[in-house]
2 protein chains.
Amino acid sequence: MKVLVTGGAGFIGSNLVDRLLDHGATVTVYDNFSTGQPAFLDKARTRAACHLVEADLLDRPSLTSAMRGQELVVHLAANADVRHGLELPHRDLEQNTIATHHLLEAMRACGTRRIVFSSTGSVYGEPAVFPTPEDCPLPIQTSLYGASKIAAEGLISAYSTGFGIQAIILRFVSILGERYTHGHVFDFYRKLRANPDDVEILGDGNQRKSYLYVGDCLDALLRAVECATAPVSIFNLGSDEYCTVNDSLGWICAALGVNPRRHFTGGERGWVGDSPFIFLDCTRIRALGWRPTLTIREAVLRTLEYLQASPWVMEQRA
Amino acid sequence: MKVLVTGGAGFIGSNLVDRLLDHGATVTVYDNFSTGQPAFLDKARTRAACHLVEADLLDRPSLTSAMRGQELVVHLAANADVRHGLELPHRDLEQNTIATHHLLEAMRACGTRRIVFSSTGSVYGEPAVFPTPEDCPLPIQTSLYGASKIAAEGLISAYSTGFGIQAIILRFVSILGERYTHGHVFDFYRKLRANPDDVEILGDGNQRKSYLYVGDCLDALLRAVECATAPVSIFNLGSDEYCTVNDSLGWICAALGVNPRRHFTGGERGWVGDSPFIFLDCTRIRALGWRPTLTIREAVLRTLEYLQASPWVMEQRA
C-alpha cells in the first residue's frame, strides 16, 4: 500500500512511518519540519520504501505532486500548540483547517480515496458527559485548537459525502512516549532540571486528563484502517482512566528523586481554553478488539525515560 | 446603539437594517453586493443613521475601519448557495469560515464585544432526532455549507472564551418573505413562468423541510439580542411544522392557477448533501416569548406574491 503521512517527521508521525515500513508499505513523509525532527527519520530514511518531501501543506503544487498514486493519507500534520492559540489566532485556522482543505483538494485531484485524520478530544470543549462518547451533545468550542479541528472534521466529512472519500477520524487524548517533544512531561522535566527545589504548575493541578501511549495509539490507528468500512468512521482514542496534573507531577518527581515546593498559578484551568476534565469513552474503538497496553503512569514514566535519554530533544525547545 | 450588519444589502440583512433604523439604531451596512441588491436599501439610504460600506469581508483594512465604534455586529454575509458547494469547494470555506475569522479579528482590534451570527440547520447534517434540538448528538457534516457554518460557530465560540466576546448563534431553517432572491419558491416560480405545463422537481419531492417568514426571523433575532446574557447562546430558529417540497409546489401552482406535469429527478435528496428532513426544536427561543406569526404556507404564498410584484428580482438571476 502507498501511504502519504503528513507530519511524518513529528512525534506520532515518525513512529507511524516506522511501523508502516515494517508492515511493508511504501511511505511518503510530507513534513515542513516546523516541529518535525530529521533525526526521527534516521531509521526510516535507510529504507528504499521511504520517500521524503520537505514542504508545507499550504504549498499546493508540492502537495498535489506528492499525492499522485497514494492510496491512503494519514493526516497528522497540525499546529499542536494548544496552549498559545490566542497569541496567534490565525495559526490554528491556517495550519489545521485550511491546510486540511488543501489536502482534501489534492486528494480529489489525484483520486486518493482514503484518509485517516488526527482530531482531538478538545473538540468536546467542556463536555457535560464523562466518559465522553463520540456522539455526545453538540459541544460549544472553548479553544481555537478545538475549533480548528472540528472545522477540519467537518470538511473531511463533507468531502466524504460529496466526493466519495472514505474517512477515519480519530479523536486523541494527549499522546505520550518515544519522540514526545512537547506537553506537560516535557515542561515539568525541563523545569525540574533547571530547579529541582521549586516547580510552577499551571492552574490548581487538579485538572483531570487522560493520556495514551504512542504505541497503543498506533495499534488503534492501524486497527481502524483495517476494520472501518463506513464512509465516515469516528473513534475516540484514549485510555479508560485519567489522572490529575498533580498525580503526574508526583510520578515524575519520584522517578527523578526530587521533592520540589509546588507553586500553583491557580484556577481550575491551566490556561484560557484549557479543559479541566478530559476523559473519553473508547467503547467504539475497543469493540474492534483494541485495548491499551500501558497505564497512564507507565506512559508518563516511559516518556520521562525517553527525554532523559535524549538531551538533544530538551535542547531543541529549551 | 451602533450596529454593523454584514450582508446588510441582502435578503435578511436589508430587512434587518430597516427594522434597526426604525428602532433608532445607527446602522452600518457592510456588503460586497455579490448577491446583495442596492434597491433593497432604497428606504434605508434616505436615513441619516444609515451608513453604507461597499467592501468584502476579506478586505481587512476596510473591515477594521468599518468596525471602529460598533457595539454590535450582526453577521449575515455568507455564501448561501447551499446546492452548488461541490462545484467550488473553496467558496464556503472562504466566504463563510475565513470571512468570519476576519470579522472576529476586526472586532478584537476595535473592542467590539457582541456578535449575532446566522448559522443554519444544515450544521445538523442528517440528524437522527426530530425535531432536532441545539444539543443533539454531535453530527457528521454532509455539506460544505454546513461544514463552513459549524466551523464559523466554533471560531466564534473560541473567540468568546478567549477574548470575552458575547455571541448569539442562530441556526436558521430556510427563510422566506419580501426580498427573497433564491431558493425553491424562486426556482419553481421561474420554471412555471417559462413553462406552466411541466415542472422539474429535484429529488422525489418528498423531502421534508421547515421554513420561517423573514419578519418572524427578525422578531426572534431582536428578542435574542434583548434577552441573551450567556457568553455563547445558541438558538434554533424555525417553525413548529414542516412541509414537503411537493406540498409547497402545490400551494404555488394553486396560487398561479397552473397544473403542470411533475417530473422528478428522483432520490430522496435534491442534490448531494441535501438533507431529506429538516425540522428544528425551537423550544429555547420560544422560552423567550417568541413565536412565528405566519404558517409555512402563508410564508410561501407571501414570498410568491413578492416575486410576482418584483419582476426585476426574477430577471436579476434568470
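Chain B and chain A meet in a contact that takes 31 residues from each of the two chains. This is a predicted model, so keep that in mind for everything below. On the chain B side, helix 3 (89–110) and helix 4 (144–163) are the elements that give two or more residues, and helix 4 of chain B has the largest share, with eleven residues.

**Interface and symmetry**

- Sorted by class, the side of chain B that touches chain A has 16 nonpolar, twelve polar and three charged residues.
- A turn of 180° with a shift of 0.0 Å along the axis lays chain B on chain A, and the RMSD is 0.0 Å.
- That is how a two-fold axis relates two copies.
- Both copies use the same surface, as 100% of the contact residues of chain B recur in chain A.

**Chain A as a whole**

- Chain A has ten helices and 13 strands.
- Its radius of gyration is 19 Å, close to the 20 Å from the globule rule for 318 residues, so chain A is as compact as a globular protein of that length.
- If you want box dimensions, the C-alpha trace of chain A spans about 55 × 45 × 40 Å along its principal axes.
- Of the 318 residues in chain A, 50% count as buried.
- Take the contacts in chain A between residues at least 6 apart in sequence: 80% of them join residues at least 24 apart.

**Two domains in chain A**

- Chain A splits into domain 1 (2–175 + 212–237) and domain 2 (180–209 + 241–278 + 294–316).
- The C-alpha centres of these two domains of chain A are 26 Å apart.
- Where they touch, domain 1 of chain A puts in 17 residues and domain 2 of chain A puts in 13 residues.
- The domain 1 side of that contact in chain A is made up of six nonpolar, eight polar and three charged residues.

**A covered strand pair**

- Strand 6 (residues 166–172) of chain A is mostly covered, with six of its seven residues buried.
- Strand 5 (residues 114–120) of chain A runs parallel to strand 6 of chain A, and the two pair over seven bridges.
- Within chain A, A:V116 sits opposite A:I168, which belongs to strand 6.

**Backbone spots to check**

- In chain A, a cis peptide bond joins A:F130 and A:P131, with omega about -15°.
- A:P131 is in the loop between strand 5 and helix 4 (144–163) of chain A.
- Chain B has a cis peptide bond between B:F130 and B:P131, with omega about -10°.
- B:P131 lies in the loop between strand 5 (114–120) and helix 4 of chain B.
- A:F33 isn't a glycine, yet its phi is positive, near 55°.
- You'll find A:F33 in the loop between strand 2 (26–31) and strand 3 (50–54) of chain A, where it is partly exposed, with 14 other C-beta atoms within 10 Å.
- A:R179 is also a residue other than glycine with a positive phi, near 75°.
- A:R179 is in the loop between strand 7 (174–176) and helix 5 (184–194) of chain A, and it counts as buried because it has 21 C-beta neighbours inside 10 Å.

**One residue in chain B**

- B:D219 belongs to helix 6 (residues 214–227) of chain B.
- It has 18 C-beta neighbours inside 10 Å, so B:D219 counts as partly exposed.
- From B:D219 to B:Y242 is 23 residues in sequence and 20 Å in space, C-alpha to C-alpha.

Methods:
Residues are numbered from 1 along each chain as its sequence is written. Chains are lettered from A and ligands numbered from 1 in the order in which they are written. This is a predicted model: local features need pLDDT of at least 70, side-chain atom pairs count only at pLDDT 80 or more; totals for chains, interfaces and linings use all residues. Two residues are in contact if their C-beta atoms, placed from the backbone, lie within 7 Å. Helices (H or I, at least four residues) and strands (E, at least two) are DSSP runs, numbered from the N terminus. Ala, Val, Leu, Ile, Met, Phe, Trp, Tyr, Cys and Pro count as nonpolar, Asp, Glu, Lys and Arg as charged, and the others, Gly among them, as polar. Domain bounds come from an automatic or database domain assignment. Copies are superposed by least squares on the C-alpha atoms of residues with pLDDT of at least 70 in both. The radius of gyration is taken over C-alpha atoms; the globule rule is 2.2 Å times the number of residues to the power 0.38. A residue is buried if 20 or more other C-beta atoms lie within 10 Å of its own, exposed if 12 or fewer, and partly exposed in between; C-beta atoms are placed from the backbone. Two strands pair if DSSP finds at least two bridges between them.
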